[in-house]
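Me: I would like to take a close look at a single part of this model. Please describe a pair of neighbouring strands in detail, and then place that description beside other parts of the structure.

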Amino acid sequence: MEKPRIVEELKPFFEPKGVAIIGATDKKGKVGNVIFENFKMNKEKGIFKGNIYPVNLKLDEIEGYKVYKNVREVPEDAELAVISIPAKFVPATMKDIAEKGIKAVVIITGGFGELGEEGKKMERDILQTAKENGIRIVGPNCVGIYAPDTGVDTVFLPENKMDRPSSGNIAFVTQSGAFAAAMLDWAAMAGIGISKMVSYGNKLDVDDADLMDYFIHDEQTKVVTLYIEGVKEGRKFIEAARRITAVKPVIALKSGKTEYGAKAASSHTGALAGADTIYDAVFKQTGILRAEDFEHMFDVAKAFAKCKLPKGDRVGIITDGGGAGVMASDAVAKFGLKMAELSKETIDFLKEKFPPHAVAGNPTDVVGDTDAQRYKYAIEAFVNDPNVDAIVIITLFQVPLLDEMELIDILAEYAQKSDKPIVAVAMGGKKTEYYAKILEDKGIPVYMTPERGVRAVAGLVQYAKYLEKLGE
Amino acid sequence: MKEEALEIINGVLAKGRKSLVEYEAKQVLKAYGLPLPEEKLAKSADEAIKYAEEIGYPVVLKLMSPQILHKSDARVVALKIKDADELRKKWEEIHENARKYRPDAEILGVLVAPMLKPGREVIIGVTEDPQFGHAVMFGLGGIFVEILKDVTFRIVPIEEKDAWAMIKNIKGYPILAGARGEEPADMKALVDMILKVSKLVDDLKDYLKEMDLNPVFVYNEGEGAMIVDARIILK
């Protein structure tokens, strides 16, 4: 696929040779200080490979770094400018940036379009400078970029207050800065790996559609998650969404489910068309999966990041607890999936290998006295059964005879060699969380409840079906 | 297609109106090949009788006035008219009702239509979203749309697979598929209609604000569908 211009245009946001930090300061806790510290720390760790150029009219030096009075004076390799100075100075600074020839700008500063006519006028000036000089802008009024692999981190919430997630395959795009910060912090805790995070705030320039086009070509990104408050250019959004979903899954969380349509409609249809129903239509038509909430979005994203796509919607369930198996079966029906009808070979094989009190069926219940080997028989049979498209394995690690690490290695082995998606469900407390973490590190998504595990599989199935229809 | 439709739309706009009466709306739909009953606009009772004989009794009379968009509220529709005598009587009655409802109502004529055999009722509509543009709506008619709001939307232009998904997406789909021993409805005819509406909207998007085809009768598989009433509102 030929790379569109947007890929080159957005590249400096994620891997700049040099970054000018306009408004960098030595005053602890100030936005310009946190951003500077982020880059400095990442450079010291060897993650950020570029050069750092603090810009501040009043300082000569910050922590050993030479400070430039004006962005026009920074060395030529500066490719990205990050602005955190007050709004009223930004239009003039944009002109300096244009003169310098920097083509990528993150405007962290707030107080523009969201604050009335004066701010809107400044935004128009900024945008005009950008358009005339081929500059792309993320923001204003945003937290900007977080790219763990290249060390770009404009998130102005300090490391000691907000953890950063590790590197992974999930791209995260959000309008809201607060949501970005909360989500990054949570993702770090949940062990969810991020490829790139972009918070675009007022999206004066770069928007969801641009980023979707960029992520098509970003090899590290396997799945894109979007948190959307509103789309400005609907047609552009639809076209970009169609392009990316043909190659990568996109999951969207759209806030503001309240209806507005009824207010001024003179027809039946007008009265029934709420903003939300229209978004639903857009997502369905473009193959974007719609998440109910935050948890749903990342549950599904995690499955895409780690699993293969299923060939159908028939789910096989393996459990060591009867109740959990029933919960999973209920969820299969609830999310519109089918319970696989196991082949005779599978049933015969399991009956031969199992003690009489274990249940060969769907769900297959290896029961509470199971060891890892019994799980292995079940997984082996399900992987080989042509009637099974996706496998949900419920492991209550608490059962006495189960060697947890042995089971983890078996799961990892089959997840690797099978062409079917395998997700795990592990319910429990601290010890379970410990093993779940190991399991996830070995490439199997783990969910706290059967319902969440099955819902994640439903996301995989929905996208696989979309691709299948697309190919028809 | 587009030229014929635009001629009607421009005619309405030239009169300073923003909404098309049923007769005009149906002319626009006809230009795009949507399924409509054989109907004629009569200017006098004599003319109506002549048309009724061509169509065949029983017939329906619907009085067309730009000032009366809710015809049943104004009681200007007369159903199941059996013969010329009854037609003449109903002609007077609906004109009288129109005058009572809106003394200033301009009357464009009376639509003489056949009594259609009832089918399963669906609604196909159009609305414009400020961000995404025009969208087509599909749902089952009657209480399903009024109370349960069991409808689904897709953004124009709509592809065939989207049109099928619309029909299968609604909760009341089993009613169309044939619940309780009924024969399945002619869903292919509905898909065809949705695609034609999508084409119409794509062509006329600069003019069109909202549209309702409500109700549409859909018959059993192979027997097609028919638009009973239609409304178009311009920008």
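Reply: In this predicted model, strand 6 and strand 7 of chain B form a hairpin, with 3 residues between them. Strand 7 covers residues 133-140 of chain B, and its pairing with strand 6 of chain B is antiparallel, with 8 bridges joining the two. Within this pairing, Val126(B) stands opposite Val136(B), which belongs to strand 7 of chain B.

Strand 6 of chain B also pairs with strand 9 of chain B, residues 208-218; this pairing is antiparallel and extends over 6 bridges. Here Val122(B) has Val216(B), in strand 9 of chain B, as its bridge partner. Strand 6 of chain B, which spans residues 120-129, is mostly covered, since 9 of its 10 residues are buried.

A sheet in chain A may be set beside this hairpin. It is an open sheet of 7 strands with mixed pairing, and the strand order is 9-8-11-10-12-13-14. Strand 9 (152-153) and strand 14 (289-290) of chain A each have a single partner strand and stand at the edges, so each has one side without a neighbour in the sheet. Strand 14 of chain A runs parallel to strand 13 of chain A, residues 250-254, and 2 bridges join them. Across this pairing, Ile251(A) stands opposite Leu289(A) of strand 14 of chain A. Helix 6 of chain A, residues 208-216, packs on the sheet and touches strands 10, 11, 12 and 13 of chain A. The direction of helix 6 of chain A makes about 175° with that of strand 12 of chain A.

The description can now be extended to the domains. Chain A is divided into domain 1 (1-141), domain 2 (162-306) and domain 3 (308-471). The centres of domain 2 and domain 3 of chain A, taken over C-alpha atoms, are separated by 29 Å. Their contact takes 13 residues from domain 2 of chain A and 18 residues from domain 3 of chain A. On the side of domain 2 of chain A, the largest share, 7 residues, comes from helix 10 of chain A, residues 294-306. That side has 6 nonpolar, 4 polar and 3 charged residues.

Finally, the two chains touch each other: 20 residues of chain A and 25 residues of chain B take part in the contact. On the side of chain A, helix 7 (234-245), helix 8 (268-272) and helix 9 (275-286) are the elements that give two or more residues. Helix 9 of chain A provides the largest share of that side, 6 residues. By class, the side of chain A that touches chain B has 8 nonpolar, 8 polar and 4 charged residues.

How values were computed. Residues numbered from 1 in each chain as written. Chains lettered and ligands numbered in written order. Predicted model: local features only at pLDDT ≥ 70, side-chain atom pairs only at ≥ 80, totals over all residues. Contact = placed C-beta atoms within 7 Å. Helix = DSSP H or I, 4+ residues; strand = E, 2+ residues; numbered from the N terminus. Nonpolar A, V, L, I, M, F, W, Y, C, P; charged D, E, K, R; others polar. Domains from an automatic or database assignment. Buried ≥ 20, exposed ≤ 12 C-beta atoms within 10 Å, placed from the backbone. Pairing = 2+ DSSP bridges. Axes fitted to C-alpha atoms, helices over the stretch in contact; angles between N-to-C directions.
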